[in-house]
Structures are given as C-alpha cells and as structure tokens.
Amino acid sequence: MLAAATAAGLALGASFAATDDDAAIANSLAEMLRAGRTVVSRHQGEINDPDVGDKGFTGAKLLAEAKAIYKKSTGEDPDAVDPSSKRGRLLRLQMEAMSGVVDANQSTINEKGLGFKAFIPATFGRLTNETFNRRAGSEATVKVTAPPDLVRNLKAAPDAWELKVIKDDFLAPNWPKGKAYSEIVNESGLKAFRVAVPEYYVASCLACHGGPKGDIDVTGYPKEGGAVGDLGGVISISLFR
C-alpha cells in the first residue's frame, strides 16, 4: 500500500484558479480510491488463502469498509453527499465501480487450491479507474501513475503533464511532502482542472517494491529497491469543464 496526503492535507494550491467544487471533487475521488485499496490490502491474507473457497469478500463488503475509512479520514459520510451534485454523482459512480470490480472477480478471489491471486490493491485500483473512466469520461478521469522507472504496466505510464509534475515538483528536494499539485489546463480541446496527489511507500509496500533491487517479487516483477517515504505513485485526476 502507498500512503498519500489526507483530504485535509491535499493542499490544492491557492495560487491556481480552481473552484472549491473542483477541489472538493478531487479530494473525494482520491480519498475514496485510497480507501478501497486499503480494504483490499487488509484482506490480502484471506484473498490468498488457498484452503478457503467462499471468502465472503464481496463488493458490498468492500464498499462498507471503504466508506468507513473514507468517513474516518474526511469526517464526511459519503452517502450524505448530495447525489444531484457533480461531486455526489461522480463519487457514486466511483463507489459503484469499486464494488463492481470485486464482484466481477469473485471466481478468482474464491478459487480454492490457489495461493496468490494477483488481486492486489494496484490491480483493484486500475480496474476501478478503468470502469469509472468509461462511465464518467466526459466529466472526469482518474488514474494511478508513477515515476517512469517505477511503472510496471504501460497503461499507467505518466503523460506529459504528469511527468512534468513528477520531475519538477514531487521529486524536487524542496517540495513539501504530501502536497498535491493542481492546475487548469487545456486537454483534448477542453479545459480541465488537473490534480496530482503524491503517494509514498510505507513498510507494507516494500515486500514488492523494496530490496534487494532486482529480486523477483511475488507478482513476478523485479523489485525497485525503494525505501519507506520514497515517492511510489501519483493519483492523477482530471475534471473537465
């Protein structure tokens, strides 16, 4: 699991001409995605238990736990967000995507005789974002990317804007740790409020992303040799106007 700034700490820079609504939407989507990945991380032991069939780890269960985490980190009940608002509508689309991904992978999660299922937080996040983007792409997109040398799936490679933010800001020695970057840009002929939220390795990440560098981890990829506190990923959100 990666750690990122809390919703209160995203610091969507006041120097950028973003509306409060834009910032609130980005905060909500980033925090809910993080909550869902946290739930998948907490259940890895049972997901990968080869001796148990039906784990009871359904989309409804994931969503209930994710909502509790979201509420604890933000102080807000996600179900109380006005469903007629853009934030409420997008947040519900994201929650539906999260629960749908878990339900669509029940055969994998519940397969007996198989240990590592490859249904890890990163996979869950990618599948959730792909589903969300298909449903909300005209209004918003969510992606998890990383510095180029840490990208394991080419679909997650940073675009030009993300790469610039990573290199010029998040990897700069004077960048405040945990501070997000936001900017209004032209994207595919549309104005978009873009937010990048840095995420850092915590101890649980190092089983796959730590050392020795080059050793093959449980997912079949070479370890990156990272350390706790290193920049490990970026949540990238675009809100179109």
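## Around S28

S28 touches Y70, E76, R87, L91 and Q94, with residues up to four places away in sequence not counted. This is a predicted model. S28 sits in helix α1, which covers residues 20–42. The residue is buried, because its relative accessible area is 3%, and buried means under 20%.

Distance along the chain and distance in space can be set side by side here. S28 and K177 lie 149 residues apart in sequence. Their C-alpha atoms are 20 Å apart.

## Fold and overall shape

The protein chain holds 8 helices and 5 strands. Read from the N terminus, the order is β-α-α-α-α-α-α-β-α-β-β-α-β. A strand therefore opens the series, and a strand also ends it.

The radius of gyration is 18 Å. A compact globule of 241 residues would come out near 18 Å, so the protein chain agrees with that expectation. Along the principal axes, the C-alpha atoms fill a box of roughly 55 × 45 × 30 Å.

## Contacts, burial and surface

Of the 241 residues, 49% count as buried. Contacts reach far along the sequence. Take the contacts between residues at least 6 apart in sequence: 67% of them join residues at least 24 apart.

The protein chain exposes about 11000 Å². Carbon and sulfur atoms supply 54% of that area. As for charge, there are 29 positive and 30 negative charges in the protein chain. The mean positions of the two sets are 1 Å apart.

## K86 at the start of α4

K86 belongs to helix α4, residues 86–104. It is the residue at which that helix begins. K86 is partly exposed, with a relative accessible area of 21%. The cut-off for buried is under 20%, so 21% falls outside that class.

K86 is in contact with I25, E139 and F240, once neighbours within four places in sequence are left aside. T128 is 42 residues from K86 in sequence. The C-alpha atoms of K86 and T128 are 19 Å apart.

## G45 and D54

G45 is part of helix α2, residues 44–47. The residue is exposed, with a relative accessible area of 56%. G45 and F116 are separated by 71 residues in sequence. In space, the C-alpha to C-alpha distance between G45 and F116 is 9.3 Å.

D54 lies in the loop between α2 and α3, the latter spanning 59–74. D54 is exposed too, because its relative accessible area is 62% and exposed means over 50%. D54 and A24 are 30 residues apart along the chain. Their C-alpha atoms are separated by 38 Å.

## Backbone exceptions

Most residues other than glycine have a negative phi, and most peptide bonds are trans. Two places in this model depart from those patterns.

A118 has a positive phi, near 65°, and is not a glycine. A118 is in the loop between α5 (106–109) and α6 (121–136). This residue is partly exposed, with a relative accessible area of 37%.

The peptide bond from G211 to P212 is cis. Its omega is near 0°. P212 is found in the loop between α8 (206–209) and β5 (231–240).

## Cysteines

A search of the whole structure finds 0 disulfides. Why is C205 not bonded to C208? The sulfur of C205 is 8.8 Å from that of C208, the closest cysteine sulfur, which is too far for a bond. A disulfide needs the sulfur atoms within 2.5 Å. C208 is likewise in no disulfide, and the nearest cysteine sulfur to it is that of C205.

C205 is buried, with a relative accessible area of 4%.

How values were computed
Residues numbered from 1 in each chain as written. Predicted model: local features only at pLDDT ≥ 70, side-chain atom pairs only at ≥ 80, totals over all residues. Heavy atoms only, no water. Buried < 20%, exposed > 50% of the residue type's maximum accessible area, 1.4 Å probe, protein only. Helix = DSSP H or I, 4+ residues; strand = E, 2+ residues; numbered from the N terminus. Rg over C-alpha atoms; globule rule 2.2 N^0.38 Å. Contact = heavy atoms within 4.5 Å. Areas by Shrake-Rupley, 256 points an atom, 1.4 Å probe, with all protein chains shown as cover. Lys, Arg positive; Asp, Glu negative; His and termini not counted. Charge placed at Lys NZ, Arg CZ, Asp CG, Glu CD.
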